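Please read this briefing alongside the sequence and the coordinates. It covers backbone geometry, nonpolar packing, cysteines and charged pairs.

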Amino acid sequence: MASYVEFGKCKLVGFSLTPAGARLHRGGRPSSSTYLFSPSSKSVLLRRPVYPNLGLKVFDGCPLYASKASGGIQLITRAEGDCFDAAETQEESHLASISSARKKSSQLTKRVVFGLGIGGTAGGVVLAGGWVFTLALSAAVFVGAREYFELVRSHDNAAGMTPLSLNVSRLVSVMCALMPALTLYLGQTDVSVISAAFVVSVTLLLQREIPHFHQLTSAIFGLFYCGYLPCFWVKLRCSLAVPALNTRIAEAWPAIFGGRTLWTVGLVASLISFSSIIAADTFAFFGGKAFGRTQLTEISPKKTWEGALAGLAGCVATTVLLSKLLCWPNSMLSGVAFGVVNFLGSIFGDLTESMIKRDACVKDSGSLIPGHGGILDRVDSYIFTGGLVYSFVKICLSTYGV
């Protein structure tokens with residue numbers, strides 16, 4: 001009888017003996033006749049009587065060696081060769097896939113937890129209104145402006161161009177943060193945005209380095225995108241002080257929290273708008289995951305038409321439901337139109353920020369919010385929506401929807 005027989009080639013994890021032969025296997029709980037492979041000795045000793053018709057099933061097509069030993073058969077694995085590399089690579093790939101799945105689950109958990117926290121905080125701030133709402137918005141605007149100018153000044157975004165100086169970007173960020181407060185105090189945005197644009201232009205022209213037109217355009221767009229557009233949320237929430245007369249919830253609202261006078265058209269419109277944007281993002285995300293097949297645009301490769309349609313349906317449904325609950329606006333047609341306006345503002349705001357990030361070659365605008373990225377990643381859907389909703393209420397709802 002030969003001293004050894006070659007029958008396979010792989011890292012042996014375990015095997016078991018049966019009357020029909022020995023069956024190699026991976027994982028699972030070993031039976032009484034199973035002996036596990038020892039990585040240190042690269043061998044397994046079967047302390048069993050030798051069956052005359054012992055058969056061994058080839059495992060993964062990899063060679064093993066069997067030789068006689070006192071009291072049984074010793075299976076010796078080959079320590080070198082491509083077989084071990086392939087097995088280890090396969091095992092590492094499996095572990096990597098498990099790690100990736102756990103990471104995605106953890107990211108989703110963080111996203112949900114922090115999303116709920118942000119949503120609850122935002123709801124309280126919107127209810128408070130006035131200076132509480134305005135100062136909270138100013139803080140978000142300042143952080144968002146800093147993230148915007150970090151993207152604009154990034155190496156990939158500014159390739160072949162002279163980046164905006166750090167001092168100018170800081171100045172513009174501060175001016176953006178002041179604009180919501182000036183809007184509340186002055187009741188309009190014209191003075192603040194014109195003054196800010198003039199100061200930025202003068203600052204660029206008086207700097208030591210030769211100014212460039214692309215520096216001016218990126219700075220002025222920063223004022224418009226991060227400062228001017230968010231001011232419409234102040235105008236919507238604080239300046240539309242017409243009482244929402246038909247809102248039944250106002251009748252039972254405690255006087256300590258503002259009573260009936262708290263429930264204005266601006267408050268109701270802001271709450272519905274915020275809720276419908278959240279619904280649009282949520283429905284678009286899960287709808288795209290489940291049914292997404294057709295790419296919406298190359299600006300954001302993960303967005304699909306199916307996800308966008310799901311977002312539109314969720315946004316309109318949420319708007320109509322809340323309009324019935326809060327009795328504003330009165331007509332069904334106005335509620336549907338209001339939902340469409342919110343959806344258009346949210347999706348194009350999202351795509352605009354995606355375009356900025358794409359040019360900067362980054363996935364997120366920052367890392368401030370776990371699971372969400374930066375402030376701009378969280379509020380991009382709201383940037384254009386405030387102005388659209390305010391214009392819709394002022395122009396299309398002649399009686400402010402009451």
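The points below are grouped by topic and describe a predicted model. The largest nonpolar core has 58 residues, the search for salt bridges returns six, and the disulfide count is zero.

**Backbone geometry**

- Most residues other than glycine have a negative phi, and most peptide bonds are trans.
- The peptide bond between Trp328 and Pro329 is cis, with omega about -10°.
- Pro329 sits in the loop that runs between helix H8 (305–326) and helix H9 (332–360).
- Cys327 is in the loop between H8 and H9 as well, and its phi is positive, about 55°, although it is not a glycine.
- Cys327 is buried, because its relative accessible area of 15% falls under the 20% cut-off.
- Cys361 also has a positive phi without being a glycine, here about 60°.
- Cys361 belongs to the loop between H9 and helix H10 (375–383).
- With a relative accessibility of 55%, Cys361 is classed as exposed, because the cut-off for that class is over 50%.

**Nonpolar cores**

- In soluble globular proteins, nonpolar side chains tend to be buried together.
- Within the largest nonpolar core, of 58 residues, those with the most contacts are Tyr148, Val172, Leu223, Tyr225, Trp233, Trp328 and Val393.
- Helix H2 (residues 130–152) contributes the most to this core, namely eight residues.
- Domain 1 (123–239) and domain 2 (242–401) each supply at least three residues to this core.
- Trp328, listed among the residues with the most contacts in the core, is also a partner in the cis peptide bond with Pro329.
- Apart from neighbours within four places in sequence, Val172 contacts Phe149, Val200, Ala219 and Leu223.
- A second core, separate from this one, has seven residues, including Leu296, Cys315, Phe343 and Leu351.

**Cysteines**

- The model contains zero disulfides.
- Cys176 is therefore unpaired: the nearest cysteine sulfur belongs to Cys226 and lies 5.4 Å away, whereas a disulfide needs sulfur atoms within 2.5 Å.
- Cys176 is buried, and its relative accessible area is 0%.

**Salt bridges**

- Side chains of opposite charge can pair when their charged atoms come close.
- Across the whole structure, six salt bridges are found.
- Arg146 and Glu150 form one through their side chains, with an N to O distance of 3.9 Å.
- Arg146 and Glu150 are four residues apart in helix H2, which means that about one helical turn separates them.
- Glu150 is partly exposed, at 43% relative accessibility.
- Asp364 pairs with Lys363 in a salt bridge whose closest N and O atoms are 4.0 Å apart.
- In that pair, Asp364 is partly exposed at 32% relative accessibility, while Lys363 is exposed at 66%.
- Salt bridges with shared partners link Glu353, Lys357 and Asp377 into one network.
- Inside this network, the closest N and O atoms of Lys357 and Glu353 are 3.6 Å apart.
- Lys357 and Glu353 are both in helix H9, with four residues, or about one turn of the helix, between their positions.
- Where do Lys357 and Glu353 stand, buried or exposed? Both are buried.

Notes. Residues are numbered from 1 along each chain as its sequence is written. This is a predicted model: local features need pLDDT of at least 70, side-chain atom pairs count only at pLDDT 80 or more; totals for chains, interfaces and linings use all residues. Side-chain values use heavy atoms; hydrogens and water are left out. Helices (H or I, at least four residues) and strands (E, at least two) are DSSP runs, numbered from the N terminus. Buried means under 20% relative accessible area, exposed over 50%, partly exposed in between (1.4 Å probe, protein chains only). A nonpolar core is a set of buried Ala, Val, Leu, Ile, Met, Phe, Trp, Tyr and Cys residues joined through side-chain atoms within 4.5 Å. Domain bounds come from an automatic or database domain assignment. Contact means heavy atoms within 4.5 Å.
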